[in-house]
Amino acid sequence: MDETPASLRWIGLALLALLLALPSLATLAGDPAWVSLATRMLIYALAAVSLDIILGYGGLACFGHAAFYGIGGYTVAILYRHWQTSEPLFGVIPGSTQFLVVIPAAMLAGGVLAAAIGALSLRTAGVQFLMITLAFAQMLFFLFSSLSQYGGNDGMTVRRRNEFPGLDLRDDTVFYYLVLAILLAALFVAHRLVGSRFGRVLGGIRQNERRMAAIGVQSYRYKLAAFVIAGMGGALAGALMVNQARFVSPDMLFWTKSGEMMIMVILGGAGTLIGPVIGAITLTGLEDLLGRIPGWGEHKLFAIGLLLVLVVLFGRGGLYGWLRRRLR
Amino acid sequence: MTLARSVLGAVFALGAIGAAQAQAPVKIGFVSTLSGPAGYLGQDIRDAFQLAMEREGGKLGGVPIQLIVEDDGLKPGQGKQIVDRFLKTERIKIVTGVVFSNVAVSIVPDVVDAGGLYLSPNAGPSNLAGKECHKNYFVYSWQNDALHESAGELANKLGFKTAFALAANYQAGKDAVAGFKRLFKGAIVEEIYTKMDQTDFAAEMARIRAAKPDVVYQFHPGGIGIAFLKQYHQAGLMGTIPMVGAEPTLDIATLNAVGEIALGLNIGAKWNADFDNAESRDFVAAFQKRYNRTPSVYAGQGWDTAQALAAALKVVGGDDVNKLAAELRKADFKSIRGGFKFGQNQHPVQDWYHVQPVKNADGTLALKTVSKILSGHGDSFAKDCKL
Amino acid sequence: MLNLAVEQALNGLQLGVMLFLLAAGLTLIFGIMGVINIAHGSLYMVGAFLTAYTVAKTGSFLLALLAGLAGAAVAGMAMETLIMRRLYARDHLDQVLATFGVSLCMNEIFSLLFGQRPLYVSIPPLLDGSIEVVPGVPYPIYRLAIVAVGLMVALGLYLLISHTRIGMLVRAGSTHRDMVRALGVDIRSLYTAVFGLGALLAGLAGLMAGPVYTVQVGMGEQILILTFVVVVIGGLGSIRGAFLAAMVVGLVDTALRAVVPPWLKTFMEASAADALGGGLSSLGVYLLMALVLLVKPRGLLPAHG
């Protein structure tokens, strides 16, 4: 990663300050729904950053990130359902609404799923990899659409958020700060990760897999590890989203959700950590704003589609890349 | 610092819009399915609702209205987000518009729990009609099961002894088959729940032919229903095995999209554009003139919802939820159905009619009311509702 | 029982043919230009809409057929010149996203132009009705016609690619781009032409689908992903592979849908059984793709070597 221009650091800090002050600003503006919108932005940012670890840093075009996102979400909802009915899942796993139990469980589920999908998918490359990851995500989509006990097509409502000792997560502002803290922690971990030996090897594999193999690197293992990390991140985001929305449905697993996350990464700038965050905030904000234009809201996808085409055609390196060029 | 400035600018600009609207007219949040293949259903409801407002010069019952329309994209999650903003940011107390039951099930509790009113112009899912009924929740269309009970009774009247039931596999589809079976006195030879995204029904046609029922009952709303009817005809079944259904099985848009092959279908309906009462004639003419198409049942429901709200607003004069709820419960408004009554659970108690597609002299297709099949029919969940 | 099997086999064949028409264009475009086109489903929609619209306006099926095919081909070539051309050198990720954007735009343009109410489309009177293929199994003539057209197109494509100069260029264009250029072939117009051909095939599938399915905005997306599955199973860039895979996917999908839900119903409640059965049968095709890719990562009949 090359030097970040000083002015960009200032923008980063200003953005962080804005995020920290957002709930107060929302109260000042008399618009508390900004907090839930911002929470969704941050959760998508988390999903996009985790996807970028394989997509941008690993150079693996994964079209199935929704699988992990969705499995994280369903973990929360299913554990809630079993807590509600006091019937253990598979007869052994008790339900739970404890944040500190549910979230690690979701990440575990995401990690195990990613290990399984990755172990198989990583035997292929290029377009085949893109398609096989899509296939696995679609399989999960159809599986969850068909499970009537968990809402099938209709999805299911999770009547309340998970509980965190000492925090009242039902309060949107508290939940927002928790998500912000988790995102910052995840960015820190990801930053350490990409700067580590592991990250450099991963970059080497992306640039020239054969050369890495020649110097004795077992690229498959590295790619699989990156895939599992990304899967856990995706599941974490999904679990937070179900807590935020108090609702889960197979939409979370549909291929367009994977597409949306890819858009966030590319829009913001793949292969960077801050890019996906910018991409997620921009796309989520844009969809929300466009959706409110009277009479045209239902055609908002036209603007999103056009933006997508323009960014891919002309915006090398995404919004973040453009910012960096402007400010250098 | 341009980015930070524009972000801040956007935040404050939107805040300012919110503040400026604070003393403005009564706000009504209209969340509906407007995009995607099923988008036309929501548009019909919206168009009729807006027509009602236009005729009063942007008012309902003499009270100025600001209608905020948003699209749920048939995604319950998206609907929840919109309603969240309606309630918190816009401080809206009156919400309406939802087409699909799965969206309704996820948003109605949010609205009424937050002390708002929800007026349903379409979905009437079973799980909100019984024990979970609410004093702030009013349905102006039908209870989902009751709608399809009309088809069951119609099948009885037409003398069918065995039926093959098919419905899309979601909340309203399950309610539909349950409703049909409740009143149908014959035997169900087989029931099939098709996938929501299914386009090809060849496999189902083969099973219907093999089962040889007296009648086929089916419920597939919107585009999937069109594909179903076309393929039913092409499989040569339209002439051999009669079909019954309820209003959404063949609305005017479906009829126009499938054409003459639908002739011969039997539909149970609570309202039809040919109803001979002053309100209905007036509405149909106004809608025709404004939008240049025949209003569908959905449009009719949107209109009645607006009329009911207008009547209540006229008495209350503002958006005091408790007063409005008390007024709405009286259901004292002029319905295009020629009368309107609520049951215990604030779902309609109404007459149902046998409707058939016919070809007009000019070659266009229309739906024609044949006879009454049920009088003052409520639903089977009202008794569980303690209001 | 046998009757049911015959009918379902025909259904599978018909689905397979539709998938082949879409997959052929997609795999051709991929094989030669190396481009993944998510907007291929939009071309299917263009074919269906223009045909339905022209029939409604003029009443002539022949004119409508021409309008549908020409419209799809022109839309495809416009897409190539305006957008795709800039994406050949990019990685697949960029291609997926840009074409995804194009398909979003196309959907909204069509819903603005034609509205969201599904369009009416009639069947040519000649093809209306059904005939008995085996005694006791009446089958829609229209579906048989789809199968016939699809098989003829498959044969035509085979002849075009293996026996003509254009086919030679197409075959060479994908592997030896520079060689073809050195021969003095205008590779740009070759690409545009190939894209137009692929679009034409998608349009053909769309216009044939009109009378059977629903002509409405977003109709392309429903079948697009399944088409990708076919292309990948068959081997990217391989027309023969696409044909084989389309038939396999069509038959497997239909067979699963015919067998799994009734079997589940023997021990489950109807709505739950259909939900699970429907999900499992949709899942089956993706499982098939994953298995094929794991055993033969380049697909059943890879294009080159």
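Two strands count as paired here if DSSP finds at least two bridges between them. With that in hand, take chain B of this predicted model. Strand β1(B), residues 26-32, and strand β4(B) pair in the parallel sense over three bridges. One of the bridge partners is easy to find on the screen: I28(B) is matched with I94(B) in β4(B).

On to the next strand along. β4(B), residues 94-96, is joined by three bridges to β5(B), and these two run parallel. V95(B) has Y118(B) as its bridge partner in β5(B).

Now the whole sheet. These strands belong to an open sheet of six, in the order β2-β3-β1-β4-β5-β6 of chain B, and the pairing is mixed. At the edges stand β2(B), residues 59-60, and β6(B), residues 137-139; each has a single partner strand, so one side of each is left without a neighbour in the sheet.

Which way do the residues of β5(B) point? In a regular strand, side chains alternate between the two faces of the sheet. In β5(B), residues 117-120, L117(B) and L119(B) point one way, while Y118(B) and S120(B) point the other way. All of them are buried. Helix α4(B), residues 101-113, lies across β1, β4, β5 and β6 of chain B and runs at about 150° to β5(B).

Chain B has another sheet to show. This one is also open, with seven strands in the order β8-β7-β9-β10-β11-β12-β13 and mixed pairing. Its edge strands are β8(B), residues 187-194, and β13(B), each of which pairs on one side only. On average, neighbouring strands in this sheet are turned by 20° against each other, ignoring direction. Helix α7(B), residues 202-211, packs on the sheet and touches β7(B), β8(B) and β9(B). The direction of α7(B) makes about 175° with that of β8(B).

At the β13 edge, look at the last two strands in that order. β12(B), residues 350-359, and β13(B), residues 365-377, run antiparallel and are joined by nine bridges. For Q350(B), the bridge partner in β13(B) is H377(B); for H354(B), the partner is S371(B). The two strands form a hairpin with five residues between them. In the turn, G363(B) has a positive phi of about 90°.

Next, helix packing. Two packed helices are described by the angle between their axes and the distance between the axes. Still in chain B, the axes of α5(B), residues 144-157, and α6(B), residues 171-183, come within 7 Å and cross at roughly 40°. The two helices are therefore oblique to each other, and their crossing is right-handed. Among the residues making this contact are L147(B), H148(B) and A151(B) from α5(B), and A172(B), A176(B) and F180(B) from α6(B). By class, the contact has eight nonpolar, five polar and six charged residues.

For a second helix pair, turn to chain A. How do α2(A) and α10(A) cross? The axes of α2(A), residues 33-57, and α10(A) come within 9 Å and cross at roughly 80°. That makes α2(A) roughly perpendicular to α10(A). From α2(A), the contact includes Y44(A), L51(A) and D52(A); from α10(A), it takes M261(A), M262(A), M264(A) and V265(A). The residues of this contact divide into nine nonpolar, one polar and one charged.

Now the contacts between chains. Between A and C, 35 residues of chain A and 37 residues of chain C take part. On the chain A side, α5(A), α10(A) and α12(A) each supply at least two residues. The largest share of that side, 14 residues, comes from α5(A). Sorted by class, the chain A side has 23 nonpolar residues, 11 polar and one charged.

One residue of chain A is worth pointing at: G305(A), which is found in helix α12(A). Buried or exposed? G305(A) counts as buried because it has 22 C-beta neighbours inside 10 Å, and the cut-off is 20 or more. Leaving aside neighbours within four places in sequence, G305(A) is in contact with G101(C), V102(C), L104(C) and C105(C).

Last, chain C against chain B. Here 32 residues of chain C are in contact with 30 residues of chain B. On the chain C side, α1(C), β2(C), α10(C) and α11(C) each supply at least two residues. That side has 15 nonpolar, 13 polar and four charged residues.

How values were computed
Residues numbered from 1 in each chain as written. Chains lettered and ligands numbered in written order. Predicted model: local features only at pLDDT ≥ 70, side-chain atom pairs only at ≥ 80, totals over all residues. Contact = placed C-beta atoms within 7 Å. Helix = DSSP H or I, 4+ residues; strand = E, 2+ residues; numbered from the N terminus. Nonpolar A, V, L, I, M, F, W, Y, C, P; charged D, E, K, R; others polar. Axes fitted to C-alpha atoms, helices over the stretch in contact; angles between N-to-C directions. Parallel < 35°, antiparallel > 145°, perpendicular 65-115°, else oblique. Left-handed = near helix turned anticlockwise from the far one by under 90°. Buried ≥ 20, exposed ≤ 12 C-beta atoms within 10 Å, placed from the backbone.
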